[in-house]
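Trainee: I have a new model open and don't know where to start. Can you walk me through it?
Mentor: Go ahead and put it up.

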2 protein chains.
Amino acid sequence: VTVRVVCAQLDPVLLDLPGNLARAADAVATAVGRGADIVVLPELVTSGYLLDSTDEAMSVAITPDDARLAAWRAPLRGTGSLVVGGICERGEDGRLYNSAVLLDAGGVVAVYRKTHLWNREKRFFTPGAEPAPVLDTAFGRIGILVCYDLEFPEVPRTLALAGADLLLAPTNWSELPRPAGEQPPQVLNARMAARANHVFVAVCDRTGTERGQRWTGGTAVIDPEGWVLALPDEDGYAIADLVVESARNRQTSTVNHVLGDRRPDLYRL
Amino acid sequence: VTVRVVCAQLDPVLLDLPGNLARAADAVATAVGRGADIVVLPELVTSGYLLDSTDEAMSVAITPDDARLAAWRAPLRGTGSLVVGGICERGEDGRLYNSAVLLDAGGVVAVYRKTHLWNREKRFFTPGAEPAPVLDTAFGRIGILVCYDLEFPEVPRTLALAGADLLLAPTNWSELPRPAGEQPPQVLNARMAARANHVFVAVCDRTGTERGQRWTGGTAVIDPEGWVLALPDEDGYAIADLVVESARNRQTSTVNHVLGDRRPDLYRL
């Protein structure tokens, strides 16, 4: 099957939960209007990123079954399409998680709580206790991970070994210095994660500035060789049609295989 | 300590063992003349790569203590400098290995037998049974790996976890198609291996063509953020001065650490 992935690169407003929910819902509607089978939104798209305290985070925290997320699901009605995006999650245990929710028209398909926390996130989020998931969907086997998770090669590798064809990664990538002419290092890293594991990778990053922090706008849809298939258009939508099962052919010569050539007995990890 | 690494990007002649030994010895002398503490030569620099049979490989196989390698060690005399390069190794077991030898003025410091074999190598080489090593030297803790090993993120990760500051990688990278303006994917991969593990990486690749196979000439010295410090000059020498211990500071924020933030309990590798 050919799967159309649309990443909607937004600029969430810090602490503006109703506005962020509405802007994301509009983006889902636009993406579905442009034929999306899978819509990817940024990390923490409902809350913004530069939260400064547990109180601030709690003030914009929601549960994955929050009724207001129906606005994201409405545009999916009558389609089999999926949307994944980041929320500041209030857990049933009262703790806060930096989570990605996967929704279809009917409700919540999966929730993944980010397992590697960056910097201030450690002040108010609890790291997830469950590994990043792989879900068998009508659009292939989808792995979900969030931002800093990607910096650990073990995570995309674990997802590929679990059968993922396509990784969906909501991110909020801080803008880092780089030499002229170079791509953002996080984009290069995502490309090499795709290549090392022969999976498609769809990253949805964000734009704008929060409390002095500039964001990278590094959204990209990447093929299993690590080449960029799509970057955001002027409206922020990166759109690519993927033959998702093609990721499963991991034979790189008559006698070589991306995963089969591993020597796990020699790794000390 | 500041360590000068010099990669000598050569064009070995297939099956010309005496000529290749001599050209590599000249390159070591030149590198030491230019102040090298560590000289890196390509993979299979004594034999060429596109060997076609066990007979061909056996005809150019040597042992790591072959007397002819004294020509590589001679320029090191009176220095503490090291040279690493690839040989077609005839083992004491009569088998053939694609090996990297590390030499100092006095003799053989270490031998590493490539553990991940690419394509035709599987026809005549036996894969190494021991993991890629980390060696404590006067120039820092040095990890050694060969070409296709780098494509497995587990290998540089294992070396970094074992304490490596600097990875030395003799390679013979086949030229792969790439979009205009893109670096060779193997170079990008080596850069991201450096960045993911916060280690220096010195890759010594080769140039030329053998039996229709074109080589990439992807030699690069890379810093622990993944940026390229040095590429080959017009004579093929990539020269960089590294503060090797700086790789050991793997703290990326007051509360983040490249290796300490790992979640090994969640990886299925």
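Trainee: Through what surface do the copies meet?
Mentor: Through the same surface, because 100% of the interface residues of chain A are also interface residues in chain B. Contact here means heavy atoms within 4.5 Å. This is a predicted model, where local features need pLDDT of at least 70 and side-chain atom pairs count only at pLDDT 80 or more, while totals for chains, interfaces and linings use all residues. Residues are numbered from 1 along each chain as written, chains are lettered from A and ligands numbered from 1 in the order written, and side-chain values use heavy atoms, without hydrogens and water.

Trainee: How many residues does the contact take from each chain?
Mentor: It takes 49 residues from chain A and 49 residues from chain B.

Trainee: And what area is buried between them?
Mentor: About 4,200 Å², with carbon and sulfur atoms giving 58% of it. Buried area is the accessible area (1.4 Å probe) that two parts lose on being put together, summed over both. In chain A, the residues that lose the most area to chain B are R195(A), W227(A) and L269(A), together 15% of what that side buries.

Trainee: OK, polar stuff. How many residue pairs are in polar contact between the chains?
Mentor: The count is 26 residue pairs, both residues at pLDDT 80 or more. A polar contact is a pair of N or O atoms within 3.5 Å; within protein, one must be able to donate a hydrogen and the other to accept it, and residues adjacent in sequence count only if both atoms are side-chain atoms.

Trainee: Which element of chain A gives the most to that side?
Mentor: α6(A), with 8 residues. Helices (H or I, at least four residues) and strands (E, at least two) are DSSP runs, numbered from the N terminus.

Trainee: How many salt bridges are there between the chains?
Mentor: There are 10 between chain A and chain B, and 44 over all chains. The rule is a side-chain nitrogen of Lys or Arg within 4 Å of a carboxyl oxygen of Asp or Glu. One joins the side chains of R191(A) and E182(B) at 3.2 Å, N to O. Another joins those of E154(B) and R157(A) at 2.7 Å, N to O. E154(B) lies in helix α5 (residues 154–161) of chain B and R157(A) in helix α5 of chain A, so this pair joins two chains.

Trainee: Are E154(B) and R157(A) buried or exposed?
Mentor: Both E154(B) and R157(A) are buried. Buried means under 20% relative accessible area, exposed over 50%, and partly exposed in between (1.4 Å probe, protein chains only).

Trainee: What does E56(A) meet in a salt bridge?
Mentor: The side chain of R211(A), at 2.9 Å, N to O. E56(A) is in helix α2 (residues 54–59) and R211(A) in the loop between β10 (209–210) and β11 (213–214) of chain A, so the pair ties together parts 155 residues apart in sequence. E56(A) counts as buried, at 19% relative accessibility.

Trainee: New topic. What rotation superposes chain A on chain B?
Mentor: A rotation of 180° with 0.0 Å of shift along its axis, at RMSD 0.0 Å. The two copies are thus related as by a two-fold rotation axis. The superposition is by least squares on the C-alpha atoms of residues with pLDDT of at least 70 in both.

Trainee: Which residue of chain A comes closest to the rotation axis?
Mentor: P153(A), at 3.2 Å (C-alpha).
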